[in-house]
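Before reading on, take a moment to look over the model shown below. The paragraphs that follow lead through its enclosed spaces, its open pockets and one of its helices.

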Amino acid sequence: MRMYDLIMKKRNGGVLGDGEIRFMVQGYTRGDIPDYQMSAMMMAIYFQGMNADETLALTMAMAESGDMLDLSDIRGVKVDKHSTGGVGDKTSLALTPMVAAAGVTVAKMSGRGLGHTGGTIDKLESFSGFSTAISEQQFKENVNRVGIAIMGQTADLAPADKKLYALRDVTATVDNMSLIASSIMSKKLAAGADAIVLDVKTGSGAFMKTEADSFALAREMVRIGNGAGRKTIAVVSDMDQPLGYAVGNALEVREAIETLKGNGPEDFVELCMTLGSYMLVAGGKAADQEAAERILREVIANGSALEKLAEFVAAQGGDRELVYHPDRLPQASIAQEIESPMDGYIQRIVCDEIGICSLLLGGGRETKESEIDLSVGLVLHRKVGDAVKKGETLATIYANDQAKLDAARERFLRAYTIDRNPVEKKPLIKGIVME
Ligand code: URA
C-alpha cells in the first residue's frame with residue numbers, strides 16, 4: 001500500500017477502507033508517513049468528506065494508535081467532558097472542579113489551542129509549573145486521589161491525534177465533521193471514562209457554523225461513543241459570540257476562578273450548570289437535572305469547588321496559591337480600551353474574528369513550533385443585545401506589543417456591528433442529543 005495512492009483515491013472522491021485508514025494512521029504515528037503527505041490527505045478529506053464508516057474507522061484507528069486506558073479498578077463512574085472548540089470557552093476550567101467537588105470522578109484528555117479557538121492545556125499552563133504531560137500511572141493515581149485529572153495526548157495515549165491535531169491547526173484543516181469527530185472521540189475512548197458529555201458549539205465562533213451541521217456532528221459523536229459502550233450525550237450550545245467576557249489564556253483562567261467564587265458571567269454559569277448536571281446524573285450523584293444543579297450551586301457557595309481547583313492544580317505540579325491570588329497569573333504590559341464609535345445596541349459579533357484578535361496578540365500558534373503568550377487577550381465589556389453609548393468601552397485589549405495591539409484593535413472593530421435597533425438575546429442551549 002502507498003500513501004500516494006490513498007491521497008489520490010480520496011482526492012478523487014473515493015471511499016477509504018478500514019485497512020487503508022489503519023495503514024495511514026499507523027504509518028503517520030510511527031513517522032513513516034511525512035507531514036506533507038498527511039497534510040495533503042487532510043485537505044483531500046476536507047474537500048471530499050468521509051462517510052460514517054470511514055469516520056468510525058478513523059476514530060478507532062486513532063484511539064488504538066496508543067494505549068487504551070482501563071480505569072475499571074477505580075471506584076464509581078468516571079466522567080469525561082469535551083467541547084468542539086470555541087472562543088472564550090474556559091468551561092473545563094470551572095466545570096471539572098465543580099463536578100469533582102460534587103463527588104463525580106473526572107478523567108479527561110484535553111488539547112491545546114486549535115485554529116481560532118483556545119485549548120484547555122494552554123490555559124492550564126497559566127498556573128506556573130502545571131503539566132498535563134503526566135504518566136498514565138500518575139493520571140490514574142490523581143483520578144483516584146483527587147477526583148480529577150487532565151492529561152494531553154502523549155506518545156502513549158492517542159498519539160495519532162497529538163500529531164494530527166498540531167498539523168490541522170496550521171494547515172486550515174480543522175473544520176471538517178469527520179476530522180473533528182474522530183479527533184475528539186479517539187481521545188475520549190483512549191482516556192477510559194465510562195460516560196462522556198460533549199459540548200458541541202454552533203455559530204460564527206464554532207468550527208460548525210450552522211445548527212444543522214452542529215447537530216449532525218453531535219449525532220455522529222454520540223453514535224460513536226454509545227457504539228463503543230460509553231454513555232454519551234451532547235449539548236449543542238451557542239458560539240455566535242464569545243462565552244463569558246474573557247478571551248485569552250490567563251484572562252480566561254481568572255474568569256473561571258471568579259466563577260468558582262460565585263461571580264461568573266450569566267451565560268458561562270448557565271453552560272456549566274447544564275453540562276455539569278448531565279455529568280452528575282451520569283455519575284449517579286443526582287436523580288435529575290434540578291437536583292444536580294442544586295448540588296453544583298452548593299459546591300460553589302461553600303467554596304469546595306474552588307478548593308478542588310487548587311487541589312487539582314497542585315496535584316499536577318502547579319502553584320495552588322495562584323487560585324487564591326489570580327492577580328499573580330501572567331499579566332500583559334499594555335491594557336487599552338476600545339471605545340464604541342456610536343450610540344446603539346450590539347447587533348452581532350463575528351465571533352471567530354475575536355478569537356483571531358487573541359491569536360494576533362500572540363495567544364495562539366502560527367506554526368507547530370510557535371510559543372504562545374499566556375498573558376494576552378481581550379475582555380469584552382459589551383455583548384450582543386447590550387446597549388452602548390458613543391465613547392463607552394466595548395472591550396479592553398491586553399498586549400505586550402503595540403503593533404500587535406493595533407492589528408488586533410482594527411480587526412476587533414470590524415467584528416462588532418452596532419445599530420440603533422434593540423436586539424433580542426438568543427438562547428444559549430440549542431438542544432440535547434442522546435442518540
Ligand atoms: N477539539 C478537538 O479535540 N479536536 C478537534 O478537531 C476540534 C476540537
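**Spaces inside the model**

The largest cavity has a volume of about 290 Å³. In this predicted model, that cavity is lined by 28 residues, and those closest to its centre are H82, S83, G85, G118 and Y165. Two or more residues of this lining come from each of β1 (78-83), α5 (91-101), β2, α6, α8 and α9, and by class the lining of the largest cavity is made up of 7 nonpolar, 14 polar and 7 charged residues.

The count of cavities of 30 Å³ or more comes to 2, and the second largest cavity has a volume of about 160 Å³. Among the 23 residues lining the second largest cavity, T117, G118, S358, L359 and G363 lie nearest its centre. The elements that contribute two or more residues to this lining are α6, α11 (249-260) and α16 (351-363), with α16 giving the most, 4 residues. In the lining of the second largest cavity there are 5 nonpolar, 13 polar and 5 charged residues.

**Pockets open to the outside**

Turning from cavities to pockets, the reader may ask which residues lie nearest the centre of the largest pocket. This pocket has a volume of about 500 Å³, and of the 22 residues that line it, Q241, D267, K383, K425 and K426 are the ones nearest its centre. The elements giving two or more residues to the lining of the largest pocket are α12 (266-282) and β8 (344-349), while the lining divides by class into 9 nonpolar, 2 polar and 11 charged residues.

The second largest pocket holds about 360 Å³ of space, and of the 16 residues lining it, R112, Q153, K162, Y165 and A166 are the closest to its centre. The largest share of this lining, 5 residues, is supplied by α8, and the lining of the second largest pocket consists of 4 nonpolar, 6 polar and 6 charged residues.

**A glycine in a loop**

A single residue, G111, can be followed next, in the loop between β2 (105-110) and α6 (120-124). Is G111 buried or exposed? With a relative accessible area of 7%, G111 counts as buried, because buried means under 20% relative accessible area. Leaving aside neighbours within four places in sequence, G111 is in contact with G119, T120, I121, Q153 and Y165. Of these contacts, Q153 and Y165 also appear among the residues closest to the centre of the second largest pocket, and Y165 is again one of those closest to the centre of the largest cavity. G111 and L359 lie 248 residues apart in sequence and 17 Å apart in space, taken from C-alpha to C-alpha, and L359 is one of the residues nearest the centre of the second largest cavity.

**The helix α4**

The last stop is helix α4 (residues 52-63), which has 12 residues and reaches 16 Å from its first C-alpha to its last, close to the 16 Å expected at 1.5 Å a residue. At the start of α4, a side-chain oxygen of N51 comes to within 3.0 Å of the backbone nitrogen of D53. Further along, which residues of α4 are buried? They are E54, T55, A57, L58, T59, A61, M62 and A63, and what covers the buried residues of α4 includes α1 (3-11), α2 (18-30), α8 (159-169), α9 (177-191) and α10 (211-227). Of these covering elements, α8 and α9 also give two or more residues to the lining of the largest cavity.

How values were computed
Residues are numbered from 1 along each chain as its sequence is written. This is a predicted model: local features need pLDDT of at least 70, side-chain atom pairs count only at pLDDT 80 or more; totals for chains, interfaces and linings use all residues. Side-chain values use heavy atoms; hydrogens and water are left out. The expected span of a helix is 1.5 Å times one less than its number of residues. Buried means under 20% relative accessible area, exposed over 50%, partly exposed in between (1.4 Å probe, protein chains only). Contact means heavy atoms within 4.5 Å. A polar contact is a pair of N or O atoms within 3.5 Å; within protein, one must be able to donate a hydrogen and the other to accept it, and residues adjacent in sequence count only if both atoms are side-chain atoms. On a 1 Å grid over the protein atoms alone, a cavity is a set of points where a 1.4 Å probe fits but cannot get out, and a pocket is an open set with protein on both sides within 12 Å along at least five of seven lines; lining residues have an atom within 4 Å of a point. Grid points are joined across faces, edges and corners, and a volume is the space filled by probe spheres set on the points. Ala, Val, Leu, Ile, Met, Phe, Trp, Tyr, Cys and Pro count as nonpolar, Asp, Glu, Lys and Arg as charged, and the others, Gly among them, as polar.
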